[in-house]
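Me: I have this protein open on my screen and would like to understand one part of it well. Could you pick a part that repays a close look and walk me through it, with enough of the whole to place it?

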Amino acid sequence: MSSVVDCHGVSFSYGEQPAVSDVSLTVEQGDFLGLIGPNGSGKTTLLHLMLGLLSPDEGSVELFGHPVNDFEQGNRIGYVSQQATSRGGTMPVTVRECVRMGRFAHAGHARLSAEDEAIAEEALETVGITDLADQRVNELSGGQRQRAYIARALASEADLLALDEPTVGVDAESRDAFYQLLESLNDDGIAIILIEHDIGVVTDRADRIACINTELYHHGDTESFVESDALSEAYGATGTVVHHHH
Ligand code: ADP
C-alpha cells in the first residue's frame, strides 16, 4: 500500500533564505502526525509543499503514490487552513451547503443524489454540528467553523485531514473536544497532519512527530521524540520557545 504523503529531499525558499531545507518524511495510512517547530520555522510552508499548494525548488512529493503535480483526487484531502478560523474569507453559505460541497467534490458534479445528501447529514452528525446546519458558516465561532470544514472533508470521503493550528482562538474546553474528535476520526482510519504550537497537545495526541526548524530535527514516533534532544535542538536554533503564534 502506498504512503499517504511521501516527501523526498524537499526544499523551498520564498527569496534568498530557505524556508524548508532538504526535508524527507512520510505519512502512512492511519498516522496522526504532529508537525511542530518554532514560529517561522517552515511548518505551514512544508504543509503546503506536502499538499501540492507550493512546488518544491528541489525534491519531490507524492500523494497516495502519485506525483503531486498530477494528483487528481483532491477530494481525498481535507485541508483546514489557518484562515479557516477567522470570519474573513468564508463563504456566505449555510453549514449544510458547505458540507454538501464536499459531495460535489467527491462526485465531480453538482447534482446530489439522496444518498449524497444522507452522507452529508451523517458528516454533520459525526462532527456534532447537526443543530447548526441552517446557520451561515460566517456566523459560526472559530471552533464551530473548524468542525464545518472537517464535516465537508468527511463528506468528500477524505483519507487525509491536514490542519494548520486549528484551535487558535478556541476556548480550552472546545479545544479538548475538538482534539477528541480528531482522535476518533484517526481511529476510524483517517490520516491526520496537525500543526499545533502547543507541544503538550501534540505529544498527548499525535502518534508521530515531525519537528522542524527549516531542516528536519526529528521524524518518528512520539515516544522517541520525547526522549530525544530534538525539541531543544530545533527550538534552541532560534533561541526561543514560542508560546503563541501569528
Ligand atoms: P511557520 O508555519 O512555522 O510559522 P512559515 O512556513 O509560515 O512558518 O514561514 C517560514 C518562513 O518563510 C518564515 O521566515 C516566513 O517569514 C517566510 N514566509 C512565509 N510565507 C512567506 C511568503 N508568502 N513570502 C515570503 N516569505 C514567507
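Reply: Happy to. Let's begin with charge: in this predicted model, the protein carries 14 positive and 40 negative side chains, and the centres of these two sets are 11 Å apart. The overall frame comes next. There are 8 helices and 10 strands, and the C-alpha atoms fill a box of roughly 50 × 40 × 35 Å along the principal axes. A compact globule of 246 residues would have a radius of gyration near 18 Å, and the protein agrees because its own value is 18 Å. Of its 246 residues, 48% count as buried. The accessible surface comes to about 11,400 Å², with 45% of that belonging to carbon and sulfur atoms. Among contacts with a separation of 6 or more, 68% are between residues 24 or more positions apart.

The part I'd pick is helix α1, which covers residues 43-50. Is it enclosed by the rest of the structure, or open? Since 6 of its 8 residues are buried, α1 is largely enclosed by the rest of the structure. The buried residues are Lys 43, Thr 45, Leu 46, Leu 47, Leu 49 and Met 50. Notice that a lysine and a threonine are on that list along with the leucines and the methionine. Just after the helix, Gly 52 takes a positive phi of about 80 degrees.

Now zoom in on Leu 47, which lies in α1. Its relative accessibility is 0%, so Leu 47 counts as buried, the cut-off being under 20%. What does Leu 47 touch, not counting residues up to four places away in sequence? The list is Tyr 79, Ala 162, Asp 164, Ile 193 and Ile 195. Two of these partners give us threads to follow. Tyr 79 belongs to strand β6 (77-80), while Ala 162 and Asp 164 fall in strand β7 (160-164). For a sense of distance, the C-alpha atoms of Leu 47 and Ala 155 are 22 Å apart, with their positions 108 residues apart in sequence.

Take the β7 thread first. On one side of this strand is the loop between α4 (142-155) and β7, where Glu 157 is found. Glu 157 has a phi near 60 degrees, a positive value in a residue other than glycine. Its relative accessible area of 38% means that Glu 157 is partly exposed. On the other side is the loop between β7 and α5, which holds Glu 165. Phi is positive there too, near 45 degrees in Glu 165. Most residues other than glycine have a negative phi, so both glutamates are worth a look on your screen. Buried or exposed, then, for Glu 165? Glu 165 counts as buried because its relative accessibility is 2%.

The β6 thread leads to Asn 75, in the loop between β5 (66-67) and β6. With 17% relative accessibility, Asn 75 counts as buried. Leaving out residues up to four places away in sequence, Asn 75 touches Ala 105, His 106, Ser 156, Glu 157 and Ala 158. Here the two threads meet, as the partly exposed Glu 157 is one of the contacts of Asn 75.

Past Glu 165 comes helix α5 (residues 172-187), where Asn 186 has its place. At 10% relative accessibility, Asn 186 counts as buried. A polar atom of the Asn 186 side chain lies 3.2 Å from the backbone oxygen of Gly 30. Beyond its neighbours within four places in sequence, Asn 186 contacts Gly 30, Asp 31, Phe 32, Ala 191, Ile 192 and Asp 207. So if you are tracing outward from Leu 47, remember that Ile 193 is one of the contacts of Leu 47, while Ile 192 is one of those of Asn 186.

Finally, a contrast with the buried helix: Arg 111, in the loop between α2 (95-107) and α3 (114-127), counts as exposed, with a relative accessibility of 70%. The C-alpha atoms of Arg 111 and Ser 24 are 40 Å apart in space. To sum up the part we chose, α1 is largely enclosed because 6 of its 8 residues are buried, and Leu 47 within it touches Tyr 79, Asp 164 and Ile 195, among others.

Key
Residues numbered from 1 in each chain as written. Heavy atoms only, no water. Helix = DSSP H or I, 4+ residues; strand = E, 2+ residues; numbered from the N terminus. Buried < 20%, exposed > 50% of the residue type's maximum accessible area, 1.4 Å probe, protein only. Polar contact = N/O pair within 3.5 Å; in protein donor to acceptor, adjacent residues only side chain to side chain. Contact = heavy atoms within 4.5 Å. Rg over C-alpha atoms; globule rule 2.2 N^0.38 Å. Areas by Shrake-Rupley, 256 points an atom, 1.4 Å probe, with all protein chains shown as cover. Lys, Arg positive; Asp, Glu negative; His and termini not counted. Charge placed at Lys NZ, Arg CZ, Asp CG, Glu CD.
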